[in-house]
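This report goes through a single protein chain, beginning with charged side chains and ending with the chain as a whole. Please keep the sequence and the model at hand while reading.

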Amino acid sequence: MADENPDFTETPCSTCNTVSTEDELMVGCDSCKLWFHARCVNLNPADKKSGKKWYCPDKDCQKKKKTKKSVEVPLPVPPELQEKLNALEETRKRAVAEQEMTRVLKEKEFELAAYLQERQMKIDEELREKEATRAEKLRERDFKRREADLAAEMVKKEEHLKRIQQLETAFRDKSASIDKLLKNSSTPLRNPEVKPLTEGNVAKH
């Protein structure tokens with residue numbers, strides 16, 4: 001029920017169109033918000049104090065009152081139609097479940113593809129690192145092999161040089177011995193196969 005008019009001495013009753021006195025009770029319609037004397041609408045003062053909503057006798061206001069109080073009663077459904085409705089509901093639930101399953105599968109497929117791509121990238125990176133390590137080891141082994149070959153060649157050259165130095169030393173010693181023998185000998189050395197020059201030999205030549 002609408003609140004009492006705060007200035008009931010100036011608000012006229014919508015039925016008798018007269019203002020109320022201080023002793024007269026006025027009520028307001030909860031639909032059109034107009035004010036009425038309780039006596040003009042046959043309203044019991046006890047009903048006013050109950051706090052319930054009140055609607056004036058106007059047709060539109062009474063329609064709203066009936067609309068608010070009306071309760072929808074479901075119509076009975078034939079068994080055959082109910083079975084079809086139940087079947088449709090089951091079909092709808094299965095379709096919703098299939099859609100949800102499809103969505104979940106797509107998400108899982110996307111996650112799997114992302115995981116496989118990330119895994120492949122890691123494998124490729126590991127392979128590149130292993131290939132780089134292998135190439136480095138091959139270069140290091142080749143360098144060591146060349147270093148060993150150079151060292152062996154240097155050893156051979158040093159041995160050859162030592163042999164040459166030994167031969168030179170032996171040659172110098174032999175030459176010194178020959179020079180010493182020549183100096184100490186009183187007669188010149190002759191080759192027994194070489195004959196001394198004579199007039200006959202000179203003539204022959």
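Arg103 counts as partly exposed because its relative accessibility is 39%. The model shown here is predicted. Glu107, at 37% relative accessibility, is partly exposed as well. These two side chains form a salt bridge, with 2.5 Å between the closest N and O atoms. Both residues belong to helix 3, where they sit four residues apart, about one turn of the helix. Side chains of opposite charge can pair when their charged atoms come close.

The structure holds 11 salt bridges. Three of them are listed in the table, each with its N to O distance.

| Salt bridge | N to O distance |
|---|---|
| Arg103 and Glu107 | 2.5 Å |
| Glu118 and Lys122 | 3.9 Å |
| Asp142 and Arg146 | 3.1 Å |

Why are Glu118 and Lys122 separated by about one helical turn? They are four residues apart in helix 3, so the separation comes to about one turn. The distance of 3.9 Å between N and O meets the criterion for a salt bridge, which asks for a side-chain nitrogen of Lys or Arg within 4 Å of a carboxyl oxygen of Asp or Glu. Glu118 is partly exposed at 43% relative accessibility, and Lys122 is partly exposed at 42%.

Asp142 and Arg146 are likewise four residues apart in helix 3, so about one helical turn separates them. Salt bridges with shared partners join Asp142, Arg145, Arg146 and Asp149 into one network. Within this network, Asp142 has a relative accessible area of 25% and is therefore partly exposed. Arg146 reaches 51% relative accessibility and so counts as exposed, since the class of exposed residues starts over 50%.

Helix 3 spans residues 79–184. Leu85 is also found in this helix. Leu85 has a relative accessible area of 40%, so this residue is partly exposed. Together with Val77, Leu81 and Leu88, Leu85 forms a nonpolar patch on the surface. The accessible area of the four residues together is about 350 Å².

The strands come before the helices in the sequence, as the chain follows the pattern β-β-α-α-α-α. Strand 1 covers residues 26–28 and strand 2 covers residues 35–37, with a loop between them that contains Ser31. Is Ser31 buried or exposed? Ser31 is buried, because its relative accessibility is 18% and buried means under 20%. Apart from neighbours within four places in sequence, Ser31 is in contact with Tyr55, Cys61 and Lys64.

Lys33 is found in the loop between strand 1 and strand 2 as well. Lys33 has a relative accessible area of 55% and therefore counts as exposed. Its phi is near 65°, a positive value in a residue other than glycine. Most residues other than glycine have a negative phi, and most peptide bonds are trans. Asn17 also has a positive phi, near 60°. Asn17 lies in the segment before strand 1, and its relative accessible area of 60% makes it exposed.

The largest nonpolar core has 13 residues. Which of them touch the most other members? They are Cys29, Phe36, Val41, Leu43, Trp54 and Cys56. The elements that give two or more residues to this core are strand 1 and strand 2.

Taken as a whole, the secondary structure of the chain comes to four helices and two strands. The chain has 205 residues, of which 11% count as buried. It exposes about 18500 Å², and carbon and sulfur atoms supply 56% of that area. Among contacts with a separation of 6 or more, 36% are between residues 24 or more positions apart.

Confidence varies along the model. The mean pLDDT of the chain is 79, and 77% of the residues reach 70 or more. Helix 3, which carries the salt bridge between Arg103 and Glu107, has the highest mean pLDDT among the elements, at 90. The lowest mean, 50, belongs to helix 4, residues 199–204. Where pLDDT is low, the predicted coordinates should not be read in detail.

Key. Residues are numbered from 1 along each chain as its sequence is written. This is a predicted model: local features need pLDDT of at least 70, side-chain atom pairs count only at pLDDT 80 or more; totals for chains, interfaces and linings use all residues. Side-chain values use heavy atoms; hydrogens and water are left out. Patches are made of residues with over 30% relative accessible area and no salt bridge: like charges are joined within 9 Å, nonpolar side chains (Val, Leu, Ile, Met, Phe, Trp, Tyr) within 5 Å. Accessible areas come from the Shrake-Rupley method with a 1.4 Å probe; for residues, only the protein chains shown count as cover. Buried means under 20% relative accessible area, exposed over 50%, partly exposed in between (1.4 Å probe, protein chains only). Contact means heavy atoms within 4.5 Å. pLDDT is the predictor's confidence in each residue, from 0 to 100. A nonpolar core is a set of buried Ala, Val, Leu, Ile, Met, Phe, Trp, Tyr and Cys residues joined through side-chain atoms within 4.5 Å.
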